[in-house]
Structure formats: C-alpha cells, structure tokens
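Work through the exercises below with the structure at hand, trying each task before reading its solution.

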Amino acid sequence: MESVLVLTQADETGAALTRASLEAVTAGLALAARLSAPLAIGIVAADATVAANSLASTGAKLLAVSGEAFAQPRYSTDAAACEALCRAAAATIVLAPASSRFNRVAAGVAHRLGGLIDTHITAIARQTLGAPGLASETRETDSLTSAVEATRWFYRQRIEAVLSRDVRPWFLLLDAGTHAAFTGQPAAVQVEGIAVQLSSIRTNVSGLRAPSQGTQTIRPDAKLLFVAGAGWTKKQPDGQTHVAEAGDLILGFLRTTSASLGSSKSLVDQGGEGQSVLPFLTHLNQIGQTGATPRHPKGLSTCCHGEEPHVVGWRFIAERRAISLDPNCGWTRGKADVVYVADAFQVIAKLNALLEDQAQ
Ligand SMILES: Cc1cc2nc3c(=O)[nH]c(=O)nc-3n(C[C@H](O)[C@H](O)[C@H](O)COP(=O)(O)OP(=O)(O)OC[C@H]3O[C@@H](n4cnc5c(N)ncnc54)[C@H](O)[C@@H]3O)c2cc1C
C-alpha cells in the first residue's frame with residue numbers, strides 16, 4: 001500500500017506555512033483520498049506549532065522537525081530534516097513544493113533513500129487504463145507501485161508527459177500555482193517531533209539580502225502579469241523615444257495593481273546591445289521560449305508584437321489581453337482574448353489615473 005508524505009516549510013515569518021506548501025497539502029489530500037492511502041504532513045520550521053495547528057482539519061498525521069537550525073534554508077540541515085521526515089513516515093510517495101529550499105535538497109534526499117525524483121509536476125492522478133487522457137476508467141491494479149501517475153510539461157510547455165515509476169520512494173516536486181492552497185479551521189493538534197542527528201554545520205546563514213518591495217517586480221502570486229515589449233523604447237509618432245516616461249508609466253501601473261512584471265526578449269536584450277533600457281528589467285523578467293512560463297489568472301501585454309517564441313510563455317495565463325499599435329500583430333491573430341489597437345502610452349497613463357482615483 002502506498003503511503004503519502006507532504007513536505008512543507010514555514011514562510012519568512014517562521015510560523016505560517018508558505019503558500020506553495022499549502023498547495024502541496026491540497027495535492028496530498030487528493031492523492032491520499034484517491035489511493036485510500038495514509039497521509040502524513042512533515043513540517044520544517046523553527047517552531048512548528050502554528051503551522052501544525054493550521055493543518056488540523058486535514059486529519060493527516062503531523063510530523064515536525066523543528067529548532068533554530070531549521071529556521072534558515074541550508075543544504076545540510078534541510079536535507080537531514082527531509083530525510084528524517086521521510087523515514088519517520090515510511091513514505092512511498094513524497095510531495096513537496098518546488099520552492100528554492102526543497103528544490104535544492106529533494107534530489108539528494110531521494111538518493112539517500114534509494115528513491116527517484118521528478119520535478120515540475122503539475123498534476124498527480126491515479127493511473128488510468130490505456131493512453132493518458134483517452135480512458136476515464138480507473139484501473140484496479142494489484143501492483144502497489146504503478147498506481148500513481150504524474151504530469152509535467154517539456155520543451156517549454158509544448159509537450160505534456162504523463163509519468164509513472166515503479167521505484168519507491170518517488171519524490172514529486174510540484175510547480176507553484178497548479179493547486180489551490182489548503183485552508184481549514186485551525187485547532188490545537190498533536191504533532192510528532194522528529195529528532196534529527198546533525199553532524200557539524202559548516203554553513204552559517206548570516207542574514208538575507210533581498211530587493212526592497214518597491215524594486216521587486218517578479219511576483220509569482222500576483223493576479224495579473226503585466227508584460228512590457230520593445231515598443232516602449234521605440235521611436236513614437238513624434239519621432240522621439242520616451243524611455244523615462246515609459247519607465248514611470250510601467251512602475252506606476254505595478255505600484256497600483258501589484259502586478260508581476262514580465263518582458264519580451266527583445267526589450268531585455270537591448271541592455272546588452274547598448275540601447276536605452278528600462279533599468280528595472282533583467283532577463284529574469286523574460287517570458288517565453290527562452291524565458292519563464294509563469295502562472296497568473298490574467299495577463300496584459302503592452303508594446304509587444306505577440307511573436308510565437310514570446311507567446312509560448314503565456315501558456316498558463318488564463319485571460320490574455322494586449323495593447324499594440326499594430327492591427328496585424330501576433331496577438332490579433334488569435335493569441336489574445338482582447339486586443340486594444342491603441343497607443344500604450346496613452347492607455348496606461350489613463351489607466352494609472354483611474355487606478356489612483358480608485359485607491360483614494
Ligand atoms: C529561438 C528563439 C527564442 C526566442 N525566445 C523568446 C522568448 O523567450 N521571449 C521573447 O519575448 N522573445 C523570444 N524570442 C524573440 C521573439 O521572436 C520576438 O522577436 C520578440 O519577443 C519580440 O519582442 P517585442 O514584441 O517586444 O518587440 P517587437 O517585435 O519590436 O514589437 C514591438 C511592438 O510594439 C508595438 N508598439 C510600439 N509602440 C507602441 C505604442 N506606443 N503602443 C502600443 N504598441 C506599440 C509595435 O507595433 C510592435 O508590435 C525568441 C526568438 C527565437 C528565434
């Protein structure tokens with residue numbers, strides 16, 4: 001019989017679980033129910049009390065590795081914590097959010113336990129009969145090790161693969177935004193503390209340095225993805241470029257909407273080519289075939305042509321809108337739900353004014 005473990009971690013407050021951890025809890029609950037398998041949730045946190053209480057209504061067995069050594073991400077301590085949790089739960093299927101913390105250690109932990117790992121998982125199901133997606137019947141199988149299948153995308157989200165493995169434990173790292181975050185009534189619960197033997201710790205975490213909120217433009221949890229294209233830095237109808245104004249308009253929009261900022265490749269490449277650029281954009285903002293494929297409910301593309309390699313990155317944007325001067329741009333040819341053939345400078349200036357009025 002399978003045994004499911006969900007690995008979770010505390011957020012920067014040190015007490016509550018990260019959103020991605022809560023998404024993994026949702027996936028774990030669904031999988032355990034489908035397999036009629038026992039579910040355990042492992043928590044890595046300095047103090048796991050609040051996190052554990054928030055999971056009271058899952059009915060899962062709660063395990064925790066806690067203590068100051070586990071407050072900060074660090075390979076040796078995180079790997080030891082995850083290994084101990086997996087052993088304590090005797091897990092055959094281990095789900096974890098694809099956070100930087102778990103991404104770093106999960107493969108090593110799978111190796112220590114003689115298991116295997118798959119990453120970028122977007123869905124998990126019980127194995128179905130025949131070709132994936134064609135049959136709806138659930139196969140009743142004697143084999144305990146072939147009843148689970150996991151889905152992930154390859155080749156920049158163009159090919160969807162369904163995987164199953166015989167090796168256990170099987171680690172599955174879940175991409176963020178693929179499951180709803182678990183919510184439930186908190187209550188005092190019993191947590192089993194798992195002791196971890198730590199050998200000497202050679203890495204000391206002296207603190208974190210992160211961009212201030214104002215300059216942090218990549219926001220995976222944002223409802224809206226705002227994408228800036230190269231048009232923002234091109235000559236406009238008056239024959240001039242207006243890069244400073246473009247920067248102000250984009251930052252103003254991000255400030256009022258808390259949208260995440262994406263970019264086309266052409267725009268971020270301009271920096272390396274010595275042209276005037278928007279200073280707050282880097283290649284980390286790039287969306288597309290050679291960029292990111294973020295997940296947001298809505299997307300607004302501005303001054304961007306809607307070329308295929310760019311639009312590939314919009315694979316998981318649910319509702320797409322675009323503003324372009326060109327009525328023949330890629331967006332108008334079926335790649336966006338709504339296209340405004342208009343000057344983005346004027347549209348965003350008007351929009352910012354309306355949003356600021358609304359905020360007052
Ligand atoms: C192998 C390969 C991989 C690639 N990978 C990526 C990738 O990952 N991501 C990516 O983005 N690109 C990628 N590209 C490049 C991609 O094909 C496009 O060249 C690029 O995305 C175009 O960027 P753009 O639309 O911002 O600029 P442009 O093509 O220059 O388009 C600018 C647009 O802005 C409009 N515009 C100008 N002024 C205004 C205004 N005032 N108001 C409204 N609209 C205005 C113009 O009408 C035009 O449509 C890749 C290409 C290749 C060959």
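**Exercise 1.** In this predicted model, determine how the residues of the shell around the ligand divide by class, and which elements supply them.

*Solution.* Begin with the classes: the shell around the ligand divides into eleven nonpolar, 14 polar and five charged residues. Next, pick out the residues that come nearest, which among the 30 around the ligand are G229, G231, S264, K265 and G288. Then turn to the secondary structure, where helix 6 (265-269), helix 7 (308-311), strand 13 (317-324) and helix 8 (344-359) each supply at least two residues of the shell. Finally, the largest share, three residues, comes from helix 6.

**Exercise 2.** Describe how helix 5 and helix 8 cross, and which residues make their contact.

*Solution.* Start from the axes: those of helix 5 (residues 243-257) and helix 8 come within 9 Å and cross at roughly 35°, and the crossing is left-handed. The contact is made on the helix 5 side by E245, L249, G252, F253, T256 and T257, and on the helix 8 side by residues including F345, I348, L351 and L355. Sorted by class, this contact has eight nonpolar, four polar and two charged residues.

**Exercise 3.** Locate the two domains and describe where they touch.

*Solution.* First set the bounds, with domain 1 covering 4-193 and domain 2 covering 224-359. The centres of domain 1 and domain 2, taken over C-alpha atoms, are separated by 35 Å. Now look at the contact itself, in which four residues of domain 1 meet five residues of domain 2; on the side of domain 1 that touches domain 2, the residues divide into no nonpolar, two polar and two charged.

Notes. Residues numbered from 1 in each chain as written. Predicted model: local features only at pLDDT ≥ 70, side-chain atom pairs only at ≥ 80, totals over all residues. Domains from an automatic or database assignment. Contact = placed C-beta atoms within 7 Å. Nonpolar A, V, L, I, M, F, W, Y, C, P; charged D, E, K, R; others polar. Near = placed C-beta within 6 Å. Helix = DSSP H or I, 4+ residues; strand = E, 2+ residues; numbered from the N terminus. Axes fitted to C-alpha atoms, helices over the stretch in contact; angles between N-to-C directions. Left-handed = near helix turned anticlockwise from the far one by under 90°.
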